[in-house]
Amino acid sequence: MFFTSIKAICTAQTNLIWNNLRNYATHKRFYRKTGIIQSEKKWEITLDHRRLKTPGGKVLNVNTEQLARSIAAEWDAQKEHILQPTMHLTALCNTAQDNPGKLTSHDIASYLLDFIETDTLLFYSEADDLRSLQEKKWDPVIDWFQKRFNIKQEVSTNFEPPPVTTETRAVLARYFLSYDFASLNAICFGTDALKSPILMLACIDRYLEPKEAVLLARLEEEFQLLSWGRVPWAHEMNQAELTARVAASLFFIHCSGDKQSIAAKRKESEESS
C-alpha cells in the first residue's frame, strides 16, 4: 500500500514536469532577451531584467552558471509562442523547486528501487528470435550493471518479476541517496522515459549515450516494426522526444552542482560494496 502511494505520487510529479509550464504555454513570447545573474551562491535567469519564477511563485535558481545559461537558452530559443515540450530543463527546475508532490529524497529513492523489479531490461521474451536479439543487446548492459555495483541480478523470461535482493537494494539506495533532491527528480524523469533504472544509471555513468539507451529501451518495439512496418515520422518523433528527455535529465544531473562528481560516486559505491 505504501509503495502504491509513493509510486502514484512520483508518477504524478513526473507528469507535472510536462505540465508545469502551462501558465506560459498559452502565451506569446512576452520578452525580448534573456540573461542570468548571480545571487549569493545561486544563479537566476532573467527575462528583460525580470527574474524568472516557478509556477509556484518562487524565484527560479540553480547551483551552477552552466545550468543557468542553458535554461536561459531554452527561453531564448522560443520564437513567437512559448512551446512547453521544448523546455525540459526549465520544467525539471520548476518541479524540483516547487515539489508539488511534497516528496522527499527517500520517497524518490524508494520509487526507483521498486522500479528495478519492472525494469524493461530484466524481462526477456519467450520467443527465440526476439530473445536472441535481447541477449545480444541487453546482456552487455546487465553485465555492466552487475560489475559496476558488484551485485548479481537475475532476469525473467515470463511475466513474473525477477527477484531483487536486499543487498542489491542497499547498494543502490546508497547510490541514489548520494544525489540531492533535484538530481533525484531528474533521475526519476529519465527513468520513466526509458522504463528502466538500469539504462538511466548506465547513462549517468556515461556507459551509454542517451540515443543508445532509447534504442535499447525500444528494442522490442523496433523488432515488431521490422515485421509490421512503421510510420517513419511518428516513430522518429517519439524516439527523438524520448532522447531529448533523457539528455535533459543527464545534463541537469551533471550540472546540478552536487558536491561529489560522478567519478567520486563510482569510487564510493565500489568501496562500500
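Biologist: Why is Gln224 called partly exposed?

Modeller: Gln224 has a relative accessible area of 33%, and since buried means under 20%, exposed means over 50% and partly exposed covers what lies in between (with a 1.4 Å probe and protein chains only), the value of 33% puts Gln224 in the partly exposed class. This is a predicted model, in which local features need pLDDT of at least 70 and side-chain atom pairs count only at pLDDT 80 or more, while totals for chains, interfaces and linings use all residues. Residues are numbered from 1 along each chain as its sequence is written, and side-chain values use heavy atoms, with hydrogens and water left out.

Biologist: Where is Gln224 found?

Modeller: Gln224 is in helix α11, residues 219-228, where helices (H or I, at least four residues) and strands (E, at least two) are DSSP runs numbered from the N terminus. The C-alpha atom of Gln224 is separated by 9.1 Å from that of Leu130, although the two residues are 94 places apart along the chain.

Biologist: What makes His49 exposed and Asn99 buried?

Modeller: His49 has a relative accessible area of 68% and is therefore exposed, whereas Asn99, at 14% relative accessibility, counts as buried. His49 is in the loop between β2 (42-47) and β3 (50-51), and Asn99 lies in the loop between α4 (88-98) and α5 (105-115). Each is a residue other than glycine with a positive phi, near 75° for His49 and near 45° for Asn99.

Biologist: How do you know that α5 is largely enclosed by the rest of the structure?

Modeller: Nine of the eleven residues of α5 are buried, so the helix is largely enclosed; among these buried residues are Asp107, Tyr111, Leu112 and Phe115.

Biologist: How do you know that the span of helix α8 agrees with its 14 residues?

Modeller: The expected span of a helix is 1.5 Å times one less than its number of residues, so the 14 residues of α8 (residues 181-194) should span 20 Å, and the end C-alpha atoms are indeed 20 Å apart. Of those 14 residues, 13 are buried, and just after the helix Lys195 takes a positive phi of about 60°.

Biologist: Which residues have the most contacts inside the largest nonpolar core?

Modeller: They are Ile71, Phe149, Phe176 and Ile187, in a core of 70 residues, and the largest share of this core, eight residues, comes from α8. The term nonpolar core stands for a set of buried Ala, Val, Leu, Ile, Met, Phe, Trp, Tyr and Cys residues joined through side-chain atoms within 4.5 Å. Taking contact to mean heavy atoms within 4.5 Å, and leaving aside neighbours within four places in sequence, Ile187 is in contact with Leu112, Phe176, Tyr179, Met200, Ile204 and Ile253.

Biologist: What share of the residues of the protein count as buried?

Modeller: Of its 273 residues, 49% count as buried, and the protein has 13 helices and four strands. Residues 24 or more positions apart account for 69% of the contacts with a separation of 6 or more.
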